[in-house]
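Colleague: I am new to this structure and would like a close look at a single part of it, followed outward into its surroundings. Could you take me through it slowly?

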Amino acid sequence: MTAPHDPVRAWHRLASTSVLLDGFHALKHAVRFHAEVPVAVTPDRRAALTLAEELAPDVRDTLDGLLAEVPEDVFKALVPRPHPTAVAALAVRPSRAANLETLARVPRPAPVVVLDNPRNLGNAGAVIRLAAGFGATGVVTTGTLDPWHPTVVRGGAGLHFATAVEPLAVHELPPGPVFALDPEGEDIRGLKLPDDALLAFGSERSGLSPELRACADHLVSLPMRPQVSSYNLATSVAMTLFHWSAAGGGAGSGPVPGGPDVRPA
Ligand SMILES: C[S@@+](CC[C@H](N)C(=O)[O-])C[C@H]1O[C@@H](n2cnc3c(N)ncnc32)[C@H](O)[C@@H]1O
């Protein structure tokens with residue numbers, strides 16, 4: 001990947017149809033997971049490359065070829081509320097057809113996370129980051145939230161490119177047994193979650209929808225003391241994916257199929 005001749009013009013041409021990578025970490029992960037990044041800008045190339053040397057030397061040379069320096073005022077005009085790392089880029093969104101194929105493929109090596117009508121963009125980003133870290137096959141959302149919204153991509157630290165992220169209707173869910181998480185369900189500690197499971201979680205406001213409940217094969221609960229109503233959505237996903245991985249599922253700390261490992265930096 002190389003910087004375009006006129007990065008500002010390229011930015012204006014591509015911005016409305018691209019995924020905004022806001023911040024160094026989002027760009028770093030997008031590069032690691034093979035996103036196509038046609039333009040990346042910063043007001044301080046030297047600082048950005050020093051950050052790369054410190055935090056992500058594996059992508060330093062790629063960023064060296066990709067990052068274009070633009071004046072501070074131009075940068076702020078392109079990205080009105082820039083990330084403190086002062087790096088931003090545009091990436092090509094993966095094709096829906098390719099993501100749907102990945103989600104539908106069986107046998108499946110790792111579960112698909114289903115967020116049933118999530119409302120909070122930050123929660124959705126945190127869940128995508130978790131799914132990437134655990135090597136989940138993908139994250140499907142139902143309802144009106146756009147899982148590729150810039151705030152979700154920022155919350156997910158650019159890890160949308162490490163798993164298959166798509167919005168779908170409940171009746172379009174990929175194949176596989178549906179394990180729906182609900183405080184009234186069967187205790188997860190007595191269950192082994194299969195690799196081909198769809199792990200479904202309800203909305204922050206109202207829990208699982210009637211449509212999702214109707215297609216659930218199992219209702220599963222996370223241990224919780226009486227008088228506590230529920231856990232946060234993203235922490236519920238974290239516990240459930242950990243439970244799946246602790247029983248031997250998934251890649252653990254090894255490489256995610258089809259891509260490099262999610263590194264801590
Ligand atoms: C914030 S909770 C939803 C709370 C909502 N007010 C309700 O009535 O269910 C979001 C989702 O996290 C999951 N969740 C939270 N606590 C859970 C628990 N103890 N057991 C199983 N799932 C839980 C469920 O999927 C739930 O729909």
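Modeller: A good place to begin is strand 5, which is covered on both of its faces: V112, V114 and D116 on one side, and V113 and L115 on the other, are all buried. Please keep in mind throughout that this is a predicted model. Strand 5 runs over residues 112-116, and because 5 of its 5 residues are buried, the strand is largely enclosed by the rest of the structure.

To see what lies beside strand 5, we can turn to its pairing. Strand 5 is joined by 5 bridges to strand 6, residues 138-142, and the two run parallel. Within this pair, V113 stands opposite V139 of strand 6. Both strands belong to an open sheet of 6 strands, whose order is 7-6-5-9-8-10 and whose pairing is parallel. The edges of this sheet are taken by strand 7 and by strand 10 (218-221), each of which pairs on one side only. From one strand to the next, the twist averages 30°.

Moving from strand 6 towards the edge, we find that 4 bridges join it to strand 7, again with the two strands running parallel. One residue pair helps to locate this step by eye, since T141 has P167 of strand 7 as its bridge partner. Helix 6, made of residues 96-104, packs on this sheet and touches strand 5, strand 6 and strand 7, with a direction that makes about 105° with that of strand 7.

P167 deserves a pause, as it offers a contrast with the buried strand where we started. It is found in strand 7, which covers residues 164-167. P167 counts as partly exposed because it has 17 C-beta neighbours inside 10 Å, and a residue needs 20 or more to be called buried. If residues up to four places away in sequence are not counted, P167 touches T141, D146 and P147. P167 and L181 are 14 residues apart along the chain, and their C-alpha atoms are separated by 19 Å.

L181 leads us to the ligand, for it is listed with G202, G207, L222 and S230 as the closest of the 17 residues that surround the ligand. Two elements give two or more residues to this shell, namely strand 8 (178-187) and helix 10 (233-246). The largest share, 3 residues, comes from strand 8, which also has a place in the sheet order 7-6-5-9-8-10. Sorted by class, the shell holds 8 nonpolar, 7 polar and 2 charged residues.

There is a further sheet in the model, and it is arranged in another way. It is an open sheet of 4 strands in the order 1-4-2-3, with mixed pairing. Strand 1 (19-22) and strand 3 (67-69) stand at its edges with a single partner strand each, so one side of each is left without a neighbour in the sheet. The twist here averages 25° from one strand to the next. Strand 2, residues 39-42, is joined to strand 3 by 3 bridges, and these two strands run parallel; A40 has L67 in strand 3 as its bridge partner.

Two helices accompany this 4-stranded sheet. Helix 1, residues 7-14, lies across strand 2, strand 3 and strand 4 (88-91), and runs at about 125° to strand 2. Helix 2, residues 24-32, packs on the sheet as well, where it touches strand 1, strand 2 and strand 4, and its direction makes about 125° with that of strand 1. K28 lies in helix 2, and it is buried because 26 other C-beta atoms are within 10 Å. Leaving aside neighbours within four places in sequence, K28 is in contact with A56, V59 and G158. K28 and L159, although 131 residues apart in sequence, are 9.3 Å apart in space from C-alpha to C-alpha.

Stepping back to the whole, the protein chain comes to 10 helices and 10 strands, and 43% of its 265 residues count as buried. Of the contacts between residues at least 6 apart in sequence, 82% join residues at least 24 apart. Along its principal axes the C-alpha trace spans about 55 × 40 × 35 Å. The radius of gyration is 19 Å, which agrees with the value near 18 Å that a compact globule of 265 residues would have.

Notes
Residues numbered from 1 in each chain as written. Predicted model: local features only at pLDDT ≥ 70, side-chain atom pairs only at ≥ 80, totals over all residues. Pairing = 2+ DSSP bridges. Axes fitted to C-alpha atoms, helices over the stretch in contact; angles between N-to-C directions. Contact = placed C-beta atoms within 7 Å. Near = placed C-beta within 6 Å. Nonpolar A, V, L, I, M, F, W, Y, C, P; charged D, E, K, R; others polar. Rg over C-alpha atoms; globule rule 2.2 N^0.38 Å. Buried ≥ 20, exposed ≤ 12 C-beta atoms within 10 Å, placed from the backbone.
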